[in-house]
Amino acid sequence: MMTTALRIFIAVLDILGLLYILQLVRKNRLDLKYALSWLVVSIFVLIMVLFPNLMEKLAEFLGIASPVNMIFFLGFIFSLAIILILTVALSINAGSVKRLNQKIAMLDKRVRELEEMKMQGDKNDV
């Protein structure tokens with residue numbers, strides 16, 4: 001069981017983290033779709049700190065021996081979820097970069113062809 005001082009300390013850190021995440025979203029330094037998972041976890045942690053018996057009941061319901069193990073398990077699951085979300089985003093961005101590079105190459109080729117046509121037209125005028 002956590003002491004009251006530790007629960008207050010964790011709650012204050014959690015609220016500060018929540019405010020920081022909201023500030024990042026407000027300044028467009030963090031997309032809302034990525035911030036949502038952090039906000040959900042932050043609110044979950046705040047609920048667990050405010051109602052410590054809830055963590056014990058949840059651990060018991062899931063068949064986990066102690067609430068501390070439950071915290072590590074949830075941290076592991078959250079880490080996997082974040083890794084999956086970021087991997088999907090990275091894959092999408094890599095595909096976008098590849099398509100943009102292909103379009104740039106096609107446009108560059110077209111510009112060179114038009115420049116060559118213009119140079120040939122100028123030579124024919126002389």
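## A tour of helix α2 and its surroundings

Start by selecting Ser 37, which sits in helix α2. The model is predicted. Ser 37 has a relative accessible area of 18%, so this residue counts as buried. Show what surrounds Ser 37. Setting aside neighbours within four places in sequence, Ser 37 is in contact with Phe 78, Ile 82 and Ile 85.

**Across to α4**

Next, pick Ile 82. This residue belongs to helix α4. Ile 82 is buried too, at a relative accessible area of 13%. Which residues does Ile 82 touch, not counting those up to four places away in sequence? Ser 37 and Trp 38. Now draw a distance from Ile 82 to Lys 27. Their C-alpha atoms are separated by 22 Å. Along the chain, the two residues are 55 apart.

**Back to α2**

Select residues 32-50, the range of α2. Does the length of α2 agree or disagree with the span expected for a helix? At 1.5 Å a residue, the 19 residues of α2 should span 27 Å. The end C-alpha atoms of α2 are 26 Å apart, which agrees.

Now colour the buried residues of α2: Tyr 34, Ala 35, Ser 37, Leu 39, Ser 42, Leu 46, Met 48 and Val 49. Turn on α1, α3 and α4, because the buried residues of α2 pack against these helices.

Zoom in on Ser 42, also in α2. Is Ser 42 buried or exposed? Its relative accessibility is 6%, so Ser 42 counts as buried. Residues up to four places away in sequence aside, Ser 42 touches Asp 14 and Leu 18. Show side chains here. Those of Ser 42 and Asp 14 are joined by a polar contact of 2.9 Å.

**Along α1**

Follow that contact into α1, which covers residues 4-26. Asp 14 and Leu 18 are among the buried residues of α1. The others to select are Ala 11, Ile 21, Leu 24 and Val 25. What covers the buried residues of α1 includes α2.

Check the length of α1 as well. This helix has 23 residues. From its first C-alpha to its last, α1 reaches 33 Å, close to the 33 Å expected at 1.5 Å a residue.

**The turn-off after α1**

Step just past α1 to Asn 28. This residue lies in the loop between α1 and α2. Read off its phi: near 60°, a positive value in a residue other than glycine. Asn 28 has a relative accessible area of 70%, so this residue is exposed. Contrast Ser 42, buried at 6%.

**The largest pocket**

Finish with a surface view. The largest pocket has a volume of about 730 Å³. Of the 26 residues that line the largest pocket, select those closest to its centre: Phe 44, Val 45, Met 48, Met 55 and Ile 71. Met 48 has come up before, as a buried residue of α2.

Which helix gives the most to the lining of the largest pocket? That is α2, with nine residues. Four helices each supply at least two lining residues: α1, α2, α3 (52-62) and α4 (67-125).

Last, colour the lining of the largest pocket by residue class. The lining divides into 20 nonpolar, four polar and two charged residues.

Conventions:
Residues are numbered from 1 along each chain as its sequence is written. This is a predicted model: local features need pLDDT of at least 70, side-chain atom pairs count only at pLDDT 80 or more; totals for chains, interfaces and linings use all residues. Side-chain values use heavy atoms; hydrogens and water are left out. Buried means under 20% relative accessible area, exposed over 50%, partly exposed in between (1.4 Å probe, protein chains only). A polar contact is a pair of N or O atoms within 3.5 Å; within protein, one must be able to donate a hydrogen and the other to accept it, and residues adjacent in sequence count only if both atoms are side-chain atoms. Contact means heavy atoms within 4.5 Å. On a 1 Å grid over the protein atoms alone, a cavity is a set of points where a 1.4 Å probe fits but cannot get out, and a pocket is an open set with protein on both sides within 12 Å along at least five of seven lines; lining residues have an atom within 4 Å of a point. Grid points are joined across faces, edges and corners, and a volume is the space filled by probe spheres set on the points. Ala, Val, Leu, Ile, Met, Phe, Trp, Tyr, Cys and Pro count as nonpolar, Asp, Glu, Lys and Arg as charged, and the others, Gly among them, as polar. The expected span of a helix is 1.5 Å times one less than its number of residues.
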